[in-house]
Amino acid sequence: MGIGTAMDRAMLRRCLELAQQARGQTAPNPMVGAVVVQGGEIVGQGFHPKAGEPHAEVFALREAGAAAAGATVYVNLEPCSHYGRTPPCAEALVQAQVARVVVGMVDPNPQVGGQGIARLRDAGIEVTVGVEEAACQALNEAFVYRMAHQRPLGILKYAMTLDGKIAATTGHSAWVTTPESRQQVHHLRAGCDAVVVGGNTVRHDDPLLTSHGMGHNPLRVVMSRTLDLPKTAQLWDVSLAPTLVLTEEGANPMMQTYLRNQGVEVLTMPCLTPIGAIAHFHSLGFLSILWECGGTLGAQAIVDGSIQKVLAFIAPKLIGGQSAPSPLGDLGLTRMDQALSLKHVSWSTIGTDLLVQGYLAEVPQLLGKD
């Protein structure tokens, strides 16, 4: 049955629904929804729209007004107890004189980490913790990861045929999977802060990399050491979504100027690596990075620890071709017992396609080295 009453679990699920209305837009903050219940009826609800805006509890308490006194408040993440850009929510709940607070999960932020719950209990408010906790953890897995590791969560997504190819021998790759799977990818992008490709993907596929109207558009990122890129590409049109090009110092100055004149941001680094890009994304406050790159960049990102989660869309098609590209380049592995295993694996079908999801264990430090 789990923790809490049937009503508690139903209201926590409502909090999760509310929280997702700001999917992809809250970084570096988590997604949070809150519900105020008085006499078995919802009298107030809200969600955190973006960093700098009020937290979910504030919106819910505002809507409830005087009805918050003696009410039960549901929230998927522990109310904050510190002064940041907004006042602490635990204090707002105390001031509203609520009777009970039901919390989905403890905040992994060390500035909170149980202190919000303690403040509520010190004020005589009954607190129940851990209702629908697995779903709450899953919703904010990128926030939890960032708090634990001080970097955003990296997600590798690729689509391949049943014989493990992401394109034909000619490089042609449109389309490996069904429209239903591609729609799932658009939804995935809407929940991420950035989507990353390499120069080859721009040259061969000319991708758009937006959510196609399914929500927030992520920052579109191209990693290219040489800037040997076409002058006509959908990514250079920044009217739909911003584009960032990461390259190395001194690379193709004329192309750098051209891109900047198009409104594309160009950032140079002494040495362009996935982990260097991740450090930049962390400085921007990002929570999740979607890698939709080819095999060479994907392998580099795995080797240097920039990827933690893998989503593989598998189409029931055979294309063959010894030189046809596969999802990953060389990882420096020579034996099958060295293969990187995924944990917490789940399988689902999307039309005729299969989606396999899982998490990489920590990548061995010697991987890819002589």
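**Exercise 1. What covers the buried residues of helix 11?**

*Task.* Find the buried residues of helix 11, then list elements that cover them.

*Solution.* Keep in mind throughout that this is a predicted model.

Step 1: Select helix 11, which is made up of residues 295-303. Its buried residues are Gly295, Leu297, Gly298, Ala299, Ala301 and Ile302.

Step 2: Look at what lies over them. The cover includes strand 6 (153-161), strand 7 (194-198), strand 8 and strand 14 (353-360). Helix 10 (274-283) and strand 11 (288-291) also belong to it.

Step 3: Follow the chain past the end of the helix. Just after helix 11 comes Gly305, with a positive phi of about 80°.

**Exercise 2. The chain as a whole**

*Task.* Describe the overall build of the chain, and decide how its radius of gyration compares with the globule rule.

*Solution.* Step 1: Take stock of the secondary structure, which amounts to 11 helices and 14 strands.

Step 2: Compare the radii. The chain has a radius of gyration of 23 Å, close to the 21 Å from the globule rule for 370 residues, so it is as compact as a globular protein of that length. Along the principal axes, the C-alpha atoms fill a box of roughly 70 × 45 × 40 Å.

Step 3: Turn to burial and contacts. Buried residues make up 49% of the 370 in the chain. Among contacts with a separation of 6 or more, 70% join residues 24 or more positions apart.

Step 4: Finish with surface and charge. About 17000 Å² of the chain is exposed, and carbon and sulfur atoms supply 53% of that area. There are 26 positive and 31 negative side chains, and the centres of these two sets lie 2 Å apart.

**Exercise 3. The nonpolar cores**

*Task.* Locate the largest nonpolar core, see which element gives the most to it, and then examine Trp236.

*Solution.* Step 1: Start from a general expectation: nonpolar side chains tend to be buried together in soluble globular proteins.

Step 2: The largest nonpolar core here has 71 residues, and Val98, Val101 and Trp236 have the most contacts inside it. Helix 1 (residues 6-19) gives the most to this core, namely six residues.

Step 3: Set aside residues up to four places away in sequence and list what Trp236 touches. Its partners include Val202, Val222, Leu229, Pro230 and Lys231. Others among them are Thr243, Val245, Met255, Tyr258, Leu259, Gln262 and Val264.

Step 4: Another core lies apart from the largest one; it has 31 residues, including Met160, Leu219, Ala277 and Cys293.

Step 5: Zoom in on Ala277, which sits in helix 10. Ala277 counts as buried because its relative accessible area is 0%, and the cut-off is under 20%. Beyond four places in sequence, Ala277 touches Met223, Leu246 and Met269. Its C-alpha atom is 20 Å from that of Pro207, 70 residues away along the chain.

**Exercise 4. Unusual backbone values**

*Task.* Place a cis peptide bond and two positive phi values in the fold.

*Solution.* Step 1: Recall the usual case: most peptide bonds are trans, and most residues other than glycine have a negative phi.

Step 2: The peptide bond from Ala27 to Pro28 is cis, with omega near 5°. Pro28 belongs to the loop between helix 1 and strand 1 (33-38).

Step 3: Glu132, not a glycine, has a positive phi of about 55°. Glu132 occupies the loop between strand 5 (126-129) and helix 5 (133-139), and is partly exposed at a relative accessible area of 22%.

Step 4: His212 also has a positive phi, near 50°. The loop that holds His212 runs between helix 8 (199-205) and strand 8 (219-223). With a relative accessible area of 45%, His212 is partly exposed.

**Exercise 5. Thr128 and Glu133**

*Task.* Is Thr128 buried or exposed, and which residues does Glu133 contact beyond its sequence neighbours?

*Solution.* Step 1: Thr128 is part of strand 5. It is buried, because its relative accessible area is 16%.

Step 2: Leaving aside neighbours within four places, Thr128 contacts Ile3, Arg100, Val101, Val102 and Val103. Gly104 is 24 residues away in sequence, with 8.4 Å between its C-alpha and that of Thr128.

Step 3: Glu133 lies in helix 5 and is partly exposed, with a relative accessible area of 35%. Outside four places in sequence, Glu133 is in contact with Gly104 and Met105.

Step 4: Check one long sequence separation. Glu133 and Leu12 are 121 residues apart along the chain, and their C-alpha atoms are separated by 9.3 Å.

Definitions and conventions
Residues are numbered from 1 along each chain as its sequence is written. Side-chain values use heavy atoms; hydrogens and water are left out. Helices (H or I, at least four residues) and strands (E, at least two) are DSSP runs, numbered from the N terminus. The radius of gyration is taken over C-alpha atoms; the globule rule is 2.2 Å times the number of residues to the power 0.38. Buried means under 20% relative accessible area, exposed over 50%, partly exposed in between (1.4 Å probe, protein chains only). Contact means heavy atoms within 4.5 Å. Accessible areas come from the Shrake-Rupley method with a 1.4 Å probe; for residues, only the protein chains shown count as cover. Lys and Arg count as positive and Asp and Glu as negative; His and the chain ends are not counted. The place of a charge is taken as NZ of Lys, CZ of Arg, CG of Asp or CD of Glu. A nonpolar core is a set of buried Ala, Val, Leu, Ile, Met, Phe, Trp, Tyr and Cys residues joined through side-chain atoms within 4.5 Å.
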